[in-house]
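Colleague: I would like a close look at one part of this protein. Could you take me through the sheet, strand by strand, and then set it in the rest of the chain?

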Amino acid sequence: MEMKSAIEALSALAQETRLSIFRALVRAHSPKEGEGGLAAGDIGAALDVPPATLSFHLKEMSHAGLVTSRRDGRSIIYKADLSAMRGLTEFLLEDCCGGVCGTVGTRQRKKECA
């Protein structure tokens, strides 16, 4: 991940509503293509966010590469892009322990960095 992309992703998450949206989408995640995610209306209802405001926040998150969307009938389903979040996390921890820790999030890394 490049610095510019990391800044865009962090900026997108540095707002209470957008962070809540992302967390809701993570909870609704399914690893299968075309499954999981939440309809925009369901997100708005769950988080008590008006449609116009929700649309703005989802656009910002989509622009930052944190969410994807697909049409399902009349609804647009949004899904967290976990590979983008993984890339952001790896970017942030890239130089952790001078590279001794290995892959981010592995048991080996946790053991060596403890």
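Modeller: What follows starts with the sheet and then moves out to the helices and the surface. Keep in mind that this is a predicted model.

First, the setting. The protein has six helices and three strands. Along the sequence they follow the pattern α-α-β-α-α-β-β-α-α.

Now the sheet itself. The three strands form an open sheet in the order 1-3-2, and the pairing is antiparallel. Strand 1 (38-39) and strand 2 (67-72) are the edge strands, and each of them pairs on one side only. Strands of a sheet pair through backbone hydrogen bonds, either parallel or antiparallel. Here, two bridges join strand 1 to strand 3, and these two run antiparallel. Strand 2 and strand 3 (residues 75-80) also run antiparallel, joined by six bridges.

Take strand 2 with strand 3 next. They make a hairpin with two residues between the strands. In that hairpin, Gly-73 takes a positive phi near 70 degrees. Two of the pairings can be followed residue by residue. Arg-71 has Ile-76 of strand 3 as its bridge partner. Ser-69 has Tyr-78 of strand 3 as its bridge partner.

Stay with Ser-69 for a moment. Ser-69 sits in strand 2. Is Ser-69 buried or exposed? Neither label fits: Ser-69 counts as partly exposed because its relative accessibility is 48%, between the limits of 20% and 50%. Setting aside residues up to four places away in sequence, Ser-69 touches Ile-76, Ile-77 and Tyr-78. Ser-69 can also be placed against Asp-81. The two are 12 residues apart in sequence, with 9.7 Å from C-alpha to C-alpha.

Now cross to Ile-77, in strand 3. Ile-77 has a relative accessible area of 9%, so it is buried, the limit being under 20%. Which residue stands opposite Ile-77? That is Ala-39. The contacts of Ile-77 reach two stretches of the chain. Leaving aside neighbours within four places in sequence, Ile-77 is in contact with Gly-36, Gly-37, Leu-38 and Ala-39, and also with Thr-68, Ser-69, Arg-70 and Asp-72. Ile-43 makes another reference point. Ile-77 and Ile-43 are 34 residues apart in sequence, and their C-alpha atoms are 9.7 Å apart in space.

That is the sheet. Next come the charged side chains.

Start with Arg-18, which is in helix 2 (residues 16-27). Arg-18 is buried yet has no salt bridge. Its nearest side chain of opposite charge is Glu-60, 5.1 Å away. Why is that pair not a salt bridge? Because a salt bridge needs the nitrogen within 4 Å of the carboxyl oxygen, and 5.1 Å does not meet that cut-off. Arg-18 still touches Glu-60. Not counting residues up to four places away in sequence, Arg-18 also touches Ser-11, Ala-12, Phe-56, His-57 and Met-61.

Glu-60 does have a salt bridge, with Lys-59. Their closest N and O atoms are 3.1 Å apart. The count for the model comes to one salt bridge. How exposed are the two partners? Lys-59 has a relative accessible area of 49%, so it is partly exposed. Glu-60 is also partly exposed, because its relative accessibility is 27%.

Now the surface. Leu-10, Leu-92 and Leu-93 make a nonpolar surface patch of about 240 Å². Leu-93 lies in the loop between helix 5 (82-92) and helix 6 (107-113). Leu-93 is partly exposed, because its relative accessible area is 32%. Patch residues need over 30%, so Leu-93 qualifies on that point.

Last, the chain as a whole. The accessible surface of the protein comes to about 7,500 Å², and 52% of this belongs to carbon and sulfur atoms. Of its 114 residues, 26% count as buried. Among contacts with a separation of 6 or more, 56% are between residues 24 or more positions apart.

To return to your request: the sheet runs in the order 1-3-2. Ile-77 of strand 3 is in contact with Ala-39 and with Ser-69.

How values were computed. Residues numbered from 1 in each chain as written. Predicted model: local features only at pLDDT ≥ 70, side-chain atom pairs only at ≥ 80, totals over all residues. Heavy atoms only, no water. Patch = residues over 30% accessible without salt bridge, like charges linked within 9 Å, V, L, I, M, F, W, Y side chains within 5 Å. Areas by Shrake-Rupley, 256 points an atom, 1.4 Å probe, with all protein chains shown as cover. Helix = DSSP H or I, 4+ residues; strand = E, 2+ residues; numbered from the N terminus. Buried < 20%, exposed > 50% of the residue type's maximum accessible area, 1.4 Å probe, protein only. Lys, Arg positive; Asp, Glu negative; His and termini not counted. Contact = heavy atoms within 4.5 Å. Pairing = 2+ DSSP bridges.
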